[in-house]
Amino acid sequence: MAKKIILKRAEVFLVLLNLVHPFTTSFGTYKQLPRPFVKITTNDGYVGFGEIPTLTDPAYKPESDYYSVLTSLEKFIMPAVKKHQDEYGRFLDVEDLRKSYAWIKGANFAKSGVEAAFWDIIAQKEHKPLWKLWRGSKRVFSVGVSIGGKTKEQVLEKAAHAVALGYKRLKVKVWPGFELTAVKSLREQYPHMLLQIDANSSYTMENWKLLKPLDQYGLLLIEQPLYDDDVIYHSEISRHIKTPICLDESVHSLDDAKRAVFLWEKNKILDRLIINIKPPRVSGFYEAINIARFCGKKGVKTWIGGMLDSAWGKAFNLNFNALKEISLPGDHFSPTGSYFEEDVTKTPLVSKNGGYSLTNAVSTGCEINRRTINKLGKKLFSVSF
Ligand code: OSB
Ligand code: MG
């Protein structure tokens with residue numbers, strides 16, 4: 001068990017990350033991503049970092065933009081954490097931390113950054129890699145990439161790059177009218193590749209039938225075709241599409257995952273449900289682990305989604321991938337080498353032949369470069385305990 005944690009200081013930085021190649025989804029194209037990083041220092045000298053993989057606007061989900069994350073952190077979450085320490089003098093574990101801000105509705109992205117910094121500290125205190133702390137057992141696994149291109153040519157170019165780098169699974173961003181073009185051209189080029197699509201909520205109950213012809217292309221899954229807050233209509237259209245539906249945006253908690261399983265089970269199509277577990281979307285790794293275990297028990301496949309995270313965030317996700325319940329390759333790497341012109345870790349994460357091997361190094365297994373955080377970032381506020 002973790003020894004108790006007494007906080008000394010919490011700081012929030014906004015780090016400006018520049019993408020090497022623009023990334024396009026159904027909701028927009030991103031080039032530059034300002035990212036909040038939470039830095040926590042304990043009274044016995046441990047320092048933990050947590051990245052909050054926000055975008056510049058709330059087009060993916062409410063509260064996934066950095067403006068709202070910074071407000072939630074400054075006005076509500078940090079004061080709640082401080083109040084807990086003022087009252088009890090310490091934190092016993094991650095559950096204790098989560099209790100301190102449990103009354104705050106939503107703000108999952110913001111909460112996840114504080115929790116990640118806490119996990120980093122606990123792993124260091126216990127001198128363990130995160131994957132061991134989380135009782136993971138798979139040290140080697142395949143990884144995938146997410147391709148966000150505006151045109152067929154851009155998609156094929158990124159895919160060629162990814163395939164040359166050895167990645168084992170391609171996911172491509174689609175929207176109404178682009179689905180067949182993207183899938184057909186990728187399938188022609190790569191008949192045996194694990195292939196899946198992500199619609200990021202761009203279809204409606206009026207046009208979802210555009211997805212039906214995709215059944216003949218042997219896709220692993222169709223990710224979040226409908227509304228970002230919907231589970232019910234997704235379960236309904238899943239009755240008419242053979243390819244499994246994967247939920248991303250609409251799962252915020254273990255309860256949401258349970259509700260989805262309930263509906264797909266009721267329709268007797270549970271083998272058509274897959275869940276993308278994105279830790280920041282569900283408030284952090286604690287909840288993410290519980291979702292993975294629940295889905296594992298139900299036989300529902302899961303994988304780990306990314307948010308164009310820096311190498312620091314990706315390293316947390318790679319450790320999470322060690323859980324035996326995570327059954328499909330995650331979005332862990334950029335299709336074109338590295339996502340950012342300059343990243344925040346001292347050494348880059350390296351995939352060999354489309355796989356990743358976890359080491360016995362403490363915490364994430366890599367070191368954050370504090371000089372880069374200071375160079376690309378600005379300290380916005382801090383709390384002293
Ligand atoms: O829906 O998975 C998504 C990026 C930004 C917002 C939403 C999503 C994505 C990705 C990126 O697909 C995956 C990655 O980080 O490699
Ligand atoms: Mg997605």
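Contact here means heavy atoms within 4.5 Å. Helices (H or I, at least four residues) and strands (E, at least two) are DSSP runs, numbered from the N terminus. The model is predicted: local features need pLDDT of at least 70, side-chain atom pairs count only at pLDDT 80 or more, and totals for chains, interfaces and linings use all residues. Residues are numbered from 1 along each chain as its sequence is written, chains are lettered from A and ligands numbered from 1 in the order in which they are written, and side-chain values use heavy atoms, with hydrogens and water left out.

In helix α6 (residues 179-189), the buried residues (under 20% relative accessible area; exposed is over 50%, partly exposed in between; 1.4 Å probe, protein chains only) are E179, A182, V183, S185, L186 and R187. These residues pack against α5 (152-164), β6 (169-173) and β7 (194-198).

The magnesium ion (ligand 2) has the protein donors D198 (OD), E223 (OE) and D248 (OD), at 2.1 to 2.3 Å. Donors are N, O and S atoms within 2.8 Å of the metal (3.2 Å for Na, K and Ca); water is not among the atoms, so sites may look incomplete. The donor residues follow the spacing D-x24-E-x24-D in sequence. Of these, E223 and D248 link distant parts of the chain, being 25 residues apart.

The following table lists residues with their accessibility and location.

| Residue | Relative accessibility | Location |
|---|---|---|
| E223 | 0%, buried | strand β8 (residues 222-223) |
| D248 | 0%, buried | loop between β9 (245-247) and α8 (254-266) |
| E325 | 16%, buried | loop between α10 (311-320) and β12 (331-333) |

Leaving aside neighbours within four places in sequence, E325 is in contact with A292, R293, G296 and T302.
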